[in-house]
Structures are given as structure tokens and as C-alpha cells.
Amino acid sequence: MSSGISPKKEYSGKAVDQSIDNLKPLEDYFEKKPNLNNEQKHAASSPEKNILVLAGAGCGKTKTIIARAEYLIENLSPANKVHILTFTRKASAEIVQRVKSSLGEKAEGLKATTFHTWCMSLIRKSPDLFGCKDFSVIDRDDQLSIFKFIRAASKSAKEPKLPRAGDLLDAYSFTRNIGGTLKSTFEENYPSSLGFFEQVKEIVIAYEKRKENSKYLDYDDILEVVANQIINHSDIRDWVASQQSDLLIDEFQDTNPLQWKLINPLINKINLFCVGDDAQSIYGFRGADFENIHKFKDNVKNSTILKLNKNYRSTQEILDLSNWLLDQSQLSYKKKLIADRGSGMKPQIHTFLNEWDQAGWIADDLKRVYAEGNKWRENMILTRTGYSARSIERALIEAKIPYFFIGGRKLLESAHVRDVLSCLKVVANPKDDLGWIRFLKLWPGIGDVKASNLLKELETCKDIKECTERIKYDRTIPKQIAYLLEDVSKCETPRTAFRESVIGLREVLEQNYKGNNWEKRVKDFSVVEKLTEKSNSILEFIEAYILEPIYESELNPIEPVKDAVTVITIHSAKGAESKRCYVINVSPGMYPLTRTLNDDSEVEEERRVLYVALTRAKDELIITRSINESAASAQKGKDDKNDIYFLANLEDDLIENEDHRYLESENQFSESKLTKSRNKPSTSVDLE
DNA sequence: GGCAATCTCCTTTTT
DNA sequence: GGAGATTGCC
């Protein structure tokens, strides 16, 4: 989705109103914190109430937020009045853990959560204030099911120009996140579907109605419900403000208007400490607008902007390449990262014929550095899409290299886990029609039609007991279903309920998944069973993992893996760093993604995605790509726009170049191929 | 005719 | 690996 950037706009810089030179003397407090530099100490101990810290990649944003939290807790606020808003569960956990290890008991009560978890905890604390008593949270898959169902019922369901359910959902959510109108979202992003806008409107209205009836809250509802209440009711606003004295917001460049709607009414009732970098804004598709950063001074009266300039993460060679990438843009990013650490290894770029060769080589390379005494966990593999990580995953499995895949399949997204949970969900909430449909369809002989007919009857039942009686009564439905539901409803803890469901469903699931990773899936069940122990109810469990998901690859049936390579999507890697980084598939057509080419602002966002990837590396940056000659020449036929490739004019002195395309397979170079590859930008062969 | 099994195409990013 | 379309079964 477009975030409305137009080229040639000034990117950053002007808003800064304090330079480091005329900072006030540091407070004694930080004398004993030698690992902070002066800028960081100043930001962390600033007396200002509303602060935005602008910091480039690797300049210590996280460190500064942690220092700020420590400073506040030790000098100004009790820990339970300080709330840090982060982007992911991982980031929250790390921040809290670091503050706790430094302050000990004093830090007890400090919270770091995502926006969604923050709002949800407000709602749970006082459901009546928000009109959300007994609501349950649904995830994207659930939303999609609803949209599909409603779309299928539309008269225009067969029209190819009526957007698919996924597109409808995206447009709906995007509209809410930017606070715009559905019409303008469609004009911008789906102009060819405008002829069916009336039907789209009907579908959206039906979706909202269905949500209301089923007492569902989707992701956007969670934020919007809270925002609306604090805007419209001063008593609720005061109550929310009283829950914390300070909000510390990480990754501020990626907040969107909906999130701002939430923060804005609280300004001057609580203190704001925001940290961000406009060059790392990569969530435009979710309505994030880096202009938030540039408009901070206007939006927040009496605010101060501070800057952190020195990069402590990477070597200069890595930063040179990253700086170069931004320099190539038409936008003026005004970013020149300078490495405090000085010089190191040059980044490398390795070119392959296809992604399988690429993946195989990376596995070999990892084994090589491991053999040299490095840990697996010092390596991070960054990928643009979850999909393109598949070849890597396969190579790592084959090479028996342990890994986590952050950005892969989430626990609650995996089909077999959802299957089992559907049984628990209907027992916990018999009004959960999505749960019913999924649960019923597990059984042989029951498809969409039978399931929805039965559901219609079940809707009149007032509790699960009546439902099971009703199911028993129906001759065409296996009795087993009713018995299973009865067994599960007798269970007292989420754990036993889960276990019972697995036992009861085992046979049908095995049938459904035979030949489809059944062995692996079955192992997940015991791990999930363990996880449910921590929750008081199954709905609580589901809510926790919807709001802050964990990934399938993090599940380990035997014991937690401590040393593993991280495979991660760049969007999930915000804030992360690693000694060696492999940025994979940096091939033409991927950076920028071909589909973004008709929108300049999207292309710019793609550039920032790559920038984020490059700046994760501390010591070694290894870029891999595949360039297939025939695919490349096929591209040539198209118009010039398709030739945009961020690394096309890569300067030789920035990078070590190695071409693996004609070595392994042929052992000798055919003259024509060599010439061809020389003609390709920046792929001059560099042999040992 | 209704439902389920099978085949084929395509694959952005996240709470 | 999933979604949509199509075939095949009762």
C-alpha cells in the first residue's frame, strides 16, 4: 500500500534543535554507566517531558531506551508506571530482561509490550469502560475466513473484478490504520475494482456486523476501541493516563495514524520518550508514516528532538555500503553513518545460478565458520519474504544446522494446532462459529454444507451441553463428536482440555495429515500442551499467542535449543543485530520487488528494507543472489522501469565480488558466458 | 445435486 | 503450503 511519499522530499535533519555541543552537564547518575556515550546519557536523563530521539541504525536506540527506563525508575517513577511500547515480543522480552538484570528488584513491574498487548491489557483491566466484556480476539486467519464467507455469499462472488477476500481484508485494515475512507483506499490501490465498490461496502458492513454479533475483536479493533474511548470520554482518558507516567516508544518511524490516535490524547498527561529512524521506516503497508517523525515538533508542543549519530554496531565497510544504498535514492535521506569501531572486512557479494545453489553454499559456509570455532547463534540469515526462506530451510535441515525461523509459520497459524484448538474454542465459547465450522469439518463426511447447516441449529443452543445433545440427536453426525466435546468440557485446566482434544482427534487428524508431516505435527502437540500450562483459560492462551506470536521453529519437543542460526524476515529483524549476516536473494526482481515498480514510494520502502538488512551486520556482511541469464534477458524485453535493481551500479571498491555460477557445474568457463556475466552490472568474476 | 478429493498455480512485509 | 478450480464419487 502506498504511504504517500513523493520523491525529492527532504527526509530529515532540520528538526534538530539541540546539538551535542551545548548539552547540559551530565547528571551524576550516569557516572557509573560507562557503556553509554554522552549523547545517549543526555537523552536518557533529559528533564524534558516529550522527547524524540532520532538515531541511525546501530546507534544505540535500544540501549538508550533501556537507559531511560533505568533512569526513570531509579529517580522519578516506580517501575510499574513506566511502559515501553515495542514492536515484537522478542524486543519486549529483551528490554525488560536487560533492565531487570541491571536494577534487580527495583525493576519489578516494568512492562514492555506491543501496542496491541498494551491496549488489550487496558481492556481486560476494565472491560466495561470499553464496552468489550467477554470479547475474544481473532487473528488474520479468522478475519480472512469471515471475509471469504461473506464474499462467497455476495451476488457478485463470481466476478473476477470483485477483489478477493484477502485484498478486501487488507484494504479494510489499511483504511482503518490510516484513518482514511474505504473509497479512497480503493481509488488508490484497487482502481479496477471501483465498479464493484457498492458490493465491497456491503461486504465490509456485513463483516463488522458479524464481528459484533460474535463478540470478536480484530487487531485494529483492539487499538481503535481504546482510542475512541479516550478521545470521547475525559474520565476514561484520565484513567488510562493514570496507568502509567511514562510511555517509551521504540521504532517510532513505524507507528501509524491509528496508533497516533491513541497516543495523542495522552500528551501532557503522560511523558513521551520516542525513538526512531526515518531511514528504517518499512511498515508503510500497514499505514506507518515516517512523517510522524518529521511532524513530531508540530504534533507535540513543548517537545525536544535529540540525535544519536555514532554507529557502534558495524564496521565502516558495512556502513559504506549501506550509506551508498541510500545515496542512490532520489530522496535525500541525509544519512551518513560513521563507524565508531573503524575499519573491518569488506562486505561480500556472491552470485549463483539459482536459489538452491545459494542455499547450499550458505549451509557450507556456515559449517566452515562453525568449524573455525564460531557459534551458530552468531549468524543471522535475512530474507525479504517467508517464501524465499524455504530453500534455506531445506539446506539447513539437510546440513543438520540448528536454526530458528522468525517470520515463518506461527504457532497458532499451523493447521494442526488450529484444528485442535477449534475443539477447545467451541467448548469455551459455543457462540464461536468460526471454531465450529473448523471443528466439524475435521470429521470425514462433513464439509462446508453439512457444517453450516448444523451450525444454524447450534446457534439456538444456550450452552455447550445443549450443543452436544443436539449433535447426538443428529443421525448423520458421528457420535464420537459429541462424546469428545463432553469429555473436553469436563476438563478443569487448559492443559487437560488440550490433551483430551488431541486424544479425541488423533485418529481423524492422522487421517487428514497422513503423508503431510504427520510425525512432525504430532510432536508439536506435546509442546503446545506444555505452553497451555501458563494460562488460566484456553481463551487467555489463544489471546496471548495471537497478540505476541511465537514461531513454529521455536518449538522444540526435547529441550530448548540454545545455539542456533537465526533465519529471519527483514521486517521481523528490526532492532536485531548479528556478528555475521547473510542477506539472501538480493537478486534483480527482488530488490525492489517487481510488483512495487509502479509506485515510487513503495520502491523507496523497498530500498529501506534492504538498508535495514545491511545494517544488521556487526562484523561480516554477506550478500547472496541468483542471476539466471535466460531470466535476465527475458526481463530485458520489458520496459525500462523493470530494470531498476538497487545493486545494479554497485561500485567495485565497496564490495568483494564472487561469481559461483559456472564453477561447480562446468569446471571451465565458456567464453560467451563469461562475457555475458561481465556485461551484467557488478558481476565481474573475481576468482581466487 | 451435493459434497469431498485432487490438481494446479502462485507466493510481501505484521500485530 | 495454501487457495481456487476442477474432477470424481455417492
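In this short talk I will go through the predicted model shown above, from the whole chain to two helices and then to the DNA.

Before we start, please keep in mind that this is a predicted model, in which local features need pLDDT of at least 70 and side-chain atom pairs count only at pLDDT 80 or more, while totals for chains, interfaces and linings use all residues. Residues are numbered from 1 along each chain as its sequence is written, and chains are lettered from A, with ligands numbered from 1, in the order in which they are written.

Let me begin with confidence, where pLDDT is the predictor's confidence in each residue, from 0 to 100. Chain A averages a pLDDT of 85, and 90% of its residues score at least 70. Residues 1–25, however, stay under 50, and the pLDDT is also below 50 over residues 633–639. Where pLDDT is low, the predicted coordinates should not be read in detail.

Turning to the fold, chain A has 28 helices and 17 strands, where helices (H or I, at least four residues) and strands (E, at least two) are DSSP runs numbered from the N terminus. Of its 688 residues, 43% count as buried, and a residue is buried if 20 or more other C-beta atoms, placed from the backbone, lie within 10 Å of its own.

Which residues of helix 6 are buried? In this helix, which covers residues 140–153, they are Asp-142, Gln-143, Ile-146, Phe-147, Ile-150 and Arg-151. Seen down the axis of helix 6, the buried residues fall within an arc of 165° (taken from the directions from the helix axis to the C-beta atoms), so they line one face of the helix. They pack against helix 7, helix 9 and helix 19.

Helix 25, residues 538–547, has 7 of its 10 residues buried, so it is largely enclosed by the rest of the structure. Among these buried residues are Phe-541, Glu-543 and Tyr-545, and what covers them includes helix 4, strand 4 and helix 18.

Finally, we come to the DNA, where a residue is near a strand if its C-beta atom, placed from the backbone, lies within 6 Å of it. Of the 24 residues around DNA strand B, those that come nearest are Phe-285, Gly-386, Gly-447, Val-449 and His-571. Helix 20 gives the largest share of this surface, with 3 residues. DNA strand C is surrounded by Lys-148, Arg-164, Ala-165, Ala-415, Asn-516 and Asn-517.

Key
Two residues are in contact if their C-beta atoms, placed from the backbone, lie within 7 Å. A residue is buried if 20 or more other C-beta atoms lie within 10 Å of its own, exposed if 12 or fewer, and partly exposed in between; C-beta atoms are placed from the backbone. The expected span of a helix is 1.5 Å times one less than its number of residues.
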